Amino acid sequence: YPEDAYVIGMTPTTIDIKEILTADYNRVSILSLAGVALVVFVTFQTPLIPILVIIPIEVAIYLNMTIPYVLGDSVIYIVVSCLQLGATIDYSILMTNNYLAFRKEMGNREAAVAAITKSTLSIVTSGGILTVVGYLLYFTSSIQAISQVGRLVGRGAMLSMVLVLSLLPALLSAFDKPIRRQQMKAAGRRERRMKRRMEKEAVETKPCEVKPEREGGESHEEK
């Protein structure tokens, strides 16, 4: 504000909060997504899988943020989005890992069904606990901000469960060919690196040939 003046009241406070939170939310979201994508890429060694893993969780986050916006409730976007991303990204990783394991033995559709069957119990157990805890906080806390965070965390966990169990297997099955192609390339790179490493170790550990010395030192020609 000009001339060291400060304006107080609901309107300037709302404007300041909007400007600060918008910039912080975008920055935190980009850094969080980049960190998660990097970890998943290091794990699976393919650039497409991190994108597919993040899509269901981000859709769940946006749906979770849309509902209070439509209802006119205030939301702490940064806290809730980061909590939901960090707490539920494991569901996608588990589903993807099971799908890739089953894909070695069966077709893409059968692998998707088998991955859903194997992952459902673990995902529902973890997500159910998070949902129950979030809604318990919502119903028991007398502080509105804390209760809103609890409701958003509980609802976000439930949305993440549903989308991971429904949307992610469809995405993995639809992009099966590019995923397998990238996996083959990654496997080829790993084999080449392993081969070069073994060759290097073989060269380093190869014993040096030492010529035996003749008795009496250097030989002299007989006259």
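Tyr-25 is buried in this predicted model, with a relative accessible area of 18%. That value falls under the 20% cut-off, and Tyr-25 therefore counts as buried and not as partly exposed. The residue belongs to helix H1, which runs over residues 10-44. Between the C-alpha atoms of Tyr-25 and Cys-82 the distance is 9.6 Å, although 57 residues separate the two in sequence.

The wider chain is helical: it has six helices and zero strands, and the order along the sequence reads α-α-α-α-α-α. The chain has 223 residues, of which 30% count as buried. Among contacts with a separation of 6 or more, 71% join residues 24 or more positions apart.

After H1 comes a loop that leads to H2, and Gln-45 lies in it. The phi angle of Gln-45 is near 65 degrees, a positive value in a residue other than glycine. Is Gln-45 buried, partly exposed or exposed? With a relative accessibility of 26%, Gln-45 counts as partly exposed, because buried would need a value under 20% and exposed a value over 50%.

Helix H2 covers residues 48-71, and helix H5 covers residues 144-174. Two packed helices are described by the angle between their axes and the distance between the axes. For H2 and H5, the axes come within 8 Å and cross at roughly 140 degrees. The crossing of H2 past H5 is right-handed. On the H2 side, the residues that meet H5 include Leu-52, Ile-55, Pro-56, Val-59, Ala-60, Leu-63 and Ile-67. On the H5 side, those that meet H2 include Leu-152, Arg-155, Leu-159, Leu-163, Leu-167 and Leu-171. By class, this contact is made up of 18 nonpolar, three polar and one charged residues. An α-helix has 3.6 residues a turn, so residues three or four places apart point the same way.

Two residues show this pair of helices in more detail. Ile-57 is found in H2, and its relative accessible area is 0%, so Ile-57 is buried. Leaving out residues up to four places away in sequence, Ile-57 touches Gln-84, Leu-85, Thr-88, Ile-89, Ser-92, Ser-160 and Val-164. One of these, Leu-85, is 28 residues from Ile-57 in sequence, with 6.5 Å between the C-alpha atoms. On the other helix, Leu-163 lies in H5. Leu-163 counts as buried because its relative accessibility is 15%. With residues up to four places away again set aside, Leu-163 touches Pro-56, Val-59, Ala-60, Leu-63 and Leu-168. The C-alpha atoms of Leu-163 and Glu-58 are 9.9 Å apart, across a sequence separation of 105 residues.

In soluble globular proteins, nonpolar side chains tend to be buried together. Here the largest nonpolar core has 29 residues, and the members that touch the most others are Ile-49, Tyr-99, Val-164 and Ile-179. At least two residues of this core come from each of H1, H2, helix H3 (77-103), helix H4 (108-140) and H5. Which helix supplies the largest share of the core? H2 does, with eight residues. Tyr-99 is in contact with Asn-108, Ala-111, Ala-112, Ala-115, Leu-172, Ser-173 and Asp-176, leaving aside its neighbours within four places in sequence.

The path ends with helix H6, residues 176-205. H6 has 30 residues and reaches 43 Å from its first C-alpha to its last, close to the 44 Å expected at 1.5 Å a residue. The buried residues of H6 are Asp-176, Ile-179, Ala-186 and Gly-188. Two of these names have come up already: Asp-176 is a contact of Tyr-99, and Ile-179 is among the core residues that touch the most other members.

Conventions
Residues are numbered from 1 along each chain as its sequence is written. This is a predicted model: local features need pLDDT of at least 70, side-chain atom pairs count only at pLDDT 80 or more; totals for chains, interfaces and linings use all residues. Side-chain values use heavy atoms; hydrogens and water are left out. Axes are lines fitted to C-alpha atoms, for helices over the stretch in contact, and angles run from 0 to 180 degrees between N-to-C directions. Helices (H or I, at least four residues) and strands (E, at least two) are DSSP runs, numbered from the N terminus. A crossing is left-handed if the near helix is turned anticlockwise from the far one by less than a right angle, and right-handed if clockwise. Contact means heavy atoms within 4.5 Å. Ala, Val, Leu, Ile, Met, Phe, Trp, Tyr, Cys and Pro count as nonpolar, Asp, Glu, Lys and Arg as charged, and the others, Gly among them, as polar. Buried means under 20% relative accessible area, exposed over 50%, partly exposed in between (1.4 Å probe, protein chains only). The expected span of a helix is 1.5 Å times one less than its number of residues. A nonpolar core is a set of buried Ala, Val, Leu, Ile, Met, Phe, Trp, Tyr and Cys residues joined through side-chain atoms within 4.5 Å.
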